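Here is a short, friendly briefing to read alongside the structure. Keep the viewer open as you go.

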Number of protein chains: 2
Amino acid sequence: MHNTQYLDTFAINLKNKHWTMAYEKVKRSDNYSEWYNNLVKHADMAEHADVKGCMVIKPYGYAIWEKMQAELDKKFKQTGHVNAYFPLLIPKSFFEKEEKNAEGFAKECAVVTHYRLKVDDDRKIIVDPEAKLEEELIIRPTSEAIIWNTYKGWIQSYRDLPILINQWANVMRWEMRTRLFLRTSEFLWQEGHTAHASSEEAIAETKQMLDVYADFAEQFLAVPVIKGVKTENERFAGAVETYCIEGLMQDGKALQMGTSHFLGQNFAKAFDVKFQSKEGKLEHVWATSWGVSTRLIGALIMAHSDDEGLVLPPSLAPIQVVIVPIYRSEEELEKVSQEALKIKQQLEALNIAVKFDNRDTHKPGYKFAEWELKGVPLRIAIGPRDIENGTVELARRDTKEKMVKQIAGIDTQVQALLKDIQTNIFEKAKQYRDSHIHTVNTWDEFVEALDQKGGFVSAHWDGTSATEEKIKEMTKATIRCIPLNNTQEAGKCILTGSDSTQRVLFAKAY
Amino acid sequence: MHNTQYLDTFAINLKNKHWTMAYEKVKRSDNYSEWYNNLVKHADMAEHADVKGCMVIKPYGYAIWEKMQAELDKKFKQTGHVNAYFPLLIPKSFFEKEEKNAEGFAKECAVVTHYRLKVDDDRKIIVDPEAKLEEELIIRPTSEAIIWNTYKGWIQSYRDLPILINQWANVMRWEMRTRLFLRTSEFLWQEGHTAHASSEEAIAETKQMLDVYADFAEQFLAVPVIKGVKTENERFAGAVETYCIEGLMQDGKALQMGTSHFLGQNFAKAFDVKFQSKEGKLEHVWATSWGVSTRLIGALIMAHSDDEGLVLPPSLAPIQVVIVPIYRSEEELEKVSQEALKIKQQLEALNIAVKFDNRDTHKPGYKFAEWELKGVPLRIAIGPRDIENGTVELARRDTKEKMVKQIAGIDTQVQALLKDIQTNIFEKAKQYRDSHIHTVNTWDEFVEALDQKGGFVSAHWDGTSATEEKIKEMTKATIRCIPLNNTQEAGKCILTGSDSTQRVLFAKAY
């Protein structure tokens, strides 16, 4: 058998503290939450910082974020947006101008009160009590306030509109219970903030950006999403309407992956931003905002990974192909390296990110396990016997399938395989998601679906916030969204029995 | 004359508030500082935010920053670095561990003391007094403290080294007197933080990154720089040695454009970061850090621009070529547009950023002035008469030279011209800089050079901080650096007459 030569060497040194392999695996089925934390840690994605609620995004995790940024940034620019940068700190008086927005974020705001430290008599560093700010500054939890305060100076006429701006930034929302990527006090994101002359145009922008997010999630993250609109309870503080994309994780919990808000004239009114219309009338400006964050890295991990580690879709994998040489002597290594480097060059010519792992400190089996843990989509193993046969061994991360392929034409073979892996990862996630949308008509069915099956539960609801809150209290499930493509259908609310005109999607969620 | 048809239409409507042209020009020679502020404002680069000391970087300014980021990021990766992200907030107890670093930055630190707001009885938003942090958090003025606190957990053995990490981030240093891009409380930058097993390797890294910065400044920003080392007075707080690149602005003031620090074992000792060497000994890790910031945008403006506006080197210009159609009727516009779009497509195929300015709200002359103000390197004007002749009119922003060129082969012509413009802008700045390095031997000559001529003054100095400070008090000039390629030369200090072994470069600086 072709594979045994590799399997023979498969022995991971669990004692070697130096490598990330020195960890005990946790199975998804045993403890999903611990499996996730374990994976984030040992695949070198991120770690908790020694600053309450904050994280350090490690190079491997950050490389994925960079890939997301590059793709999203391209999509934003293709749809006419430009980037800009607004201040981190927001004076409290601006912050409180849009009342709902302020109340929505007040409980999680980090506040700057002083602008200087000093060295005291014991040579200790203390906050200088004489450097107290007259007005406290809030670290942005989101930037509508500071941006609309700025737009006021930019907009006089309909000719100044639309303004289509995006910002890549860090934001801070003080969180008590944190989870790496999914919920941290500081996180990275992009926030689009646009200004328009009409309600119609702003709504079209809101929906356009939702589509951009949905396409990105499905085509790049390979996570199928449901596009929908939030109920009043779950709406962004200050929005007229919040659109969202909702994904499903492998434990049956939903994850909100991106939101796009139609803000109406709320911020324009709060910050007194008016424009002269073509007809010469003075009107308040219409607004949108939309954002996705490093939370998407969490979604990526939770949607696809398995008990062996990450499973990264090729389009976001920092390393798409790893080549592992198999050898017993220096001479063999040299021979194998030559061939491996030729293959690497060929693949790189097709814009494929390749790592040749020629570390002599670890055996092939160890390397196989390490790159599986890190989710590299495709592995190529090549030894002297392969070279004799003019072949290499390929191993897919997603299906764990192994194949022997001719070296001649390997570049286009790999390219096709990566495409297939991308599609397969998406299809697998979609199959899971589709088989986890349960349509129920009674309270008992509802509770059973939530507790026994997990996933989305499609049910009738009477449309009131009170009922929604009661259901949340009783089951922990929230209304994730009212799907955009919803069919109208008469029915009875699962809790109150009141009339309902359509089903909504409930789920337990992150 | 070919040009007159365009000159005839040159009439700027100074009353049109909508466009950035509605401003009074300020000449460099009249008031350099006001000229700069005016330019930053009217070229739409940035503006002061309504947050003390902070700026809004507007889309046109941010587009230049994005170009800088892309190029620097490529260079960092080519030299083996990876990106990561560390927390914005630093607990005060970490911050004070490296004493010199803490004292150096203490006076300019924004301090977070509370983590929650609340709505009081009058529905006003107030800082919740019950949400006071046990330990104050500092907004990073630089990240050595938080990063070395993290590295402690990452480094045990020589096999964990080197760590070559860069971070793109915002930082905050509370400034009382601000100037857009050059000195603001919040700014954007990158900060490299590397860890090494030996002093030699760390010093080599420090110098390598200085070279990366120097190449970038000269080849992309087209600003000639002097590489040197700082005196103790001007050294980064916590560094053993600070290397720098110094540029010269058109008012004869120097500007520090980037620094690369050899930190020795200072931070490793402060945060107790040790590694086991190959020989099995436990040693403190060696460190470097290096950074450049949005200040470079200020350097770019100050080094090249003229009384008409920005002069952007092609490699950093968001728009490299603007095409302005000349026409009197809809029919003519259509004809001209067809030809213009063909040219645009040809140029874009060569990766040239082109804007076709077909706004029908403004006359060509207005557009010419606007794109001059915005520093677009090359302008193409095309009218019906040009099409008949198979030519277009090109105008260079740097020399204001106008040329008639055949449309056939225009793409490679433009490509060559852009290259020439890049070189010419650099050469012009270099000529200015080279003619503003004055070698002096007496105090009178020194003062005269500083006051009458401006630029760098090369003079002997006795090597003491006391003398340096005294000179600063008397003349406002500081020692910008001891050039790396300095020749050893016996002499007498210009102030004290004490022995000196080499000249250093003084200048008034931003």
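The notes below cover the symmetry, the contact between the chains, one helix and one residue.

Please keep in mind that this is a predicted model. Its chains A and B superpose with an RMSD of 0.0 Å after a turn of 180° and a shift of 0.0 Å along the axis. That is how a two-fold axis relates two copies.

**Symmetry and the axis**

- Two copies of a chain are, in general, related by a rotation about an axis and a shift along it.
- For chain A on chain B, the rotation is 180° and the shift is 0.0 Å, which is the relation of a two-fold axis.
- Within chain A, A:V112 has the C-alpha nearest that axis, at 2.1 Å from it.
- Both copies use the same surface, with 100% of the contact residues of chain A recurring in chain B.

**Where the chains meet**

- Chain A puts 57 residues into the contact, and chain B puts in 57 residues.
- On the side of chain A that touches chain B, 34 residues are nonpolar, nine are polar and 14 are charged.
- Strand β5 of chain A (residues 111–114) pairs with strand β5 of chain B (residues 111–114) in the antiparallel sense, over three bridges.
- In this pairing, A:V112 stands opposite B:V112; A:V112 is also the residue whose C-alpha lies nearest the axis in chain A.

**Helix α3 of chain A**

- Helix α3 of chain A spans residues 59–78, which makes 20 residues.
- From first C-alpha to last, α3(A) reaches 28 Å, close to the 28 Å expected at 1.5 Å a residue.
- The buried residues of α3(A) are A:G61, A:Y62, A:I64, A:W65, A:M68, A:L72 and A:F76.
- These buried residues lie on the same side of α3(A), because they cover an arc of only 150° around the axis.
- An α-helix has 3.6 residues a turn, so residues three or four places apart point the same way.
- A:A70, A:K74 and A:Q78 are exposed, on the face of α3(A) turned away from its buried side.
- After α3(A) comes A:G80, with a positive phi near 90°.

**A closer look at A:N266**

- A:N266 belongs to helix α8 of chain A, residues 266–270.
- A:N266 counts as buried because 22 other C-beta atoms lie within 10 Å, and the cut-off for buried is 20 or more.
- Leaving aside residues up to four places away in sequence, A:N266 touches A:E98, A:G238 and A:V240.
- A:Y243 is 23 residues from A:N266 along the chain, and their C-alpha atoms are separated by 17 Å.

How values were computed. Residues numbered from 1 in each chain as written. Chains lettered and ligands numbered in written order. Predicted model: local features only at pLDDT ≥ 70, side-chain atom pairs only at ≥ 80, totals over all residues. Least-squares fit on C-alpha atoms with pLDDT ≥ 70 in both. Contact = placed C-beta atoms within 7 Å. Helix = DSSP H or I, 4+ residues; strand = E, 2+ residues; numbered from the N terminus. Buried ≥ 20, exposed ≤ 12 C-beta atoms within 10 Å, placed from the backbone. Nonpolar A, V, L, I, M, F, W, Y, C, P; charged D, E, K, R; others polar. Pairing = 2+ DSSP bridges. Expected span 1.5 Å × (residues − 1). Arc of directions from axis to C-beta.
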